[in-house]
Amino acid sequence: MALQISENAGVLEINGVLNTQNVNSLKNYFEALISQSSFIIISLNKVIDMDKSSFDTIINLSKKALSKNKVFYIISEGNQMVLDLFQSEKMNYLLKNRAA
């Protein structure tokens, strides 16, 4: 399944598989958004699979946003694969249950 990013009530929903084939597109998209926006909310609820490079990219985007004093929320409600990945990397504190 191709990666899709859609906006729903201010939340950027990522739908599909995040992997090395599309990680650069994801990175470029969100780096441009970080430079333009002060408040970014991404949802990983509809992510089917995510590899380590995509996970690392999301973490680095979060760090970059915070270093520029931007709000960067990562939402994952009920996506056990995402929760497990964040927990295994001891980064589950970055996940929010829902948008603020």
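How much area does the chain expose, and what share of it do carbon and sulfur atoms supply? Here are my notes, point by point.

1. To take that opening question: the exposed area comes to about 5,600 Å², and carbon and sulfur atoms supply 46% of it. Keep in mind while reading that this is a predicted model.

2. On the overall fold, you'll find three helices and five strands in the chain. Walking along the sequence, they come in the pattern β-β-α-β-α-β-α-β. The radius of gyration is 12 Å, close to the 13 Å that the globule rule gives for 100 residues, so the chain is as compact as a globular protein of that length. If you want a box for it, the C-alpha atoms fill one of roughly 30 × 25 × 25 Å along the principal axes.

3. Some bulk numbers next. Of the 100 residues in the chain, 41% are buried. Among contacts with a separation of 6 or more, 63% are between residues 24 or more positions apart. As for charges, there are 10 positive and 9 negative ones, and their mean positions sit 9 Å apart.

4. Now the sheet. The five strands make an open sheet with mixed pairing, in the order β1-β2-β3-β4-β5. At the edges are β1 (4–8) and β5 (95–96), each of which pairs on one side only.

5. The hairpin of β1 and β2 deserves a look. These two strands pair in the antiparallel sense, with five bridges between them. Ile5 stands opposite Ile14 in β2, and Asn8 stands opposite Val11 of that strand. Two residues lie between the strands of this hairpin, and in it Ala9 takes a positive phi near 55 degrees. That's a backbone angle you may want to look at on screen.

6. On to the pairing of β2 with β3. Strand β2 (residues 11–18) and strand β3 (residues 39–50) run parallel, joined by six bridges. Leu12 stands opposite Ile42 in β3, while Asn15 has Lys46 as its bridge partner there.

7. Is β2 largely enclosed or largely open? Seven of its eight residues are buried, so β2 is largely enclosed by the rest of the structure. One general reminder when you inspect it: side chains in a regular strand alternate between the two faces of the sheet.

8. Gly16 is a residue of β2 worth clicking on. With 0% relative accessibility, Gly16 counts as buried, because the cut-off for that class is under 20%. Its C-alpha atom is 5.0 Å from that of Val47, although the two residues are 31 apart along the chain.

9. Last one: where is Ser76 found? Ser76 is in the loop between β4 (71–75) and α3 (80–88). Despite that loop position, Ser76 counts as buried, at 2% relative accessibility. Which residues is Ser76 in contact with, leaving aside its neighbours within four places in sequence? Those partners are Asn45, Val82, Leu83, Leu95, Lys96 and Asn97. Two of those numbers, 95 and 96, are the residues of the edge strand β5, and Val82 and Leu83 fall within the 80–88 range of α3.

Key
Residues numbered from 1 in each chain as written. Predicted model: local features only at pLDDT ≥ 70, side-chain atom pairs only at ≥ 80, totals over all residues. Heavy atoms only, no water. Helix = DSSP H or I, 4+ residues; strand = E, 2+ residues; numbered from the N terminus. Rg over C-alpha atoms; globule rule 2.2 N^0.38 Å. Buried < 20%, exposed > 50% of the residue type's maximum accessible area, 1.4 Å probe, protein only. Contact = heavy atoms within 4.5 Å. Areas by Shrake-Rupley, 256 points an atom, 1.4 Å probe, with all protein chains shown as cover. Lys, Arg positive; Asp, Glu negative; His and termini not counted. Charge placed at Lys NZ, Arg CZ, Asp CG, Glu CD. Pairing = 2+ DSSP bridges.
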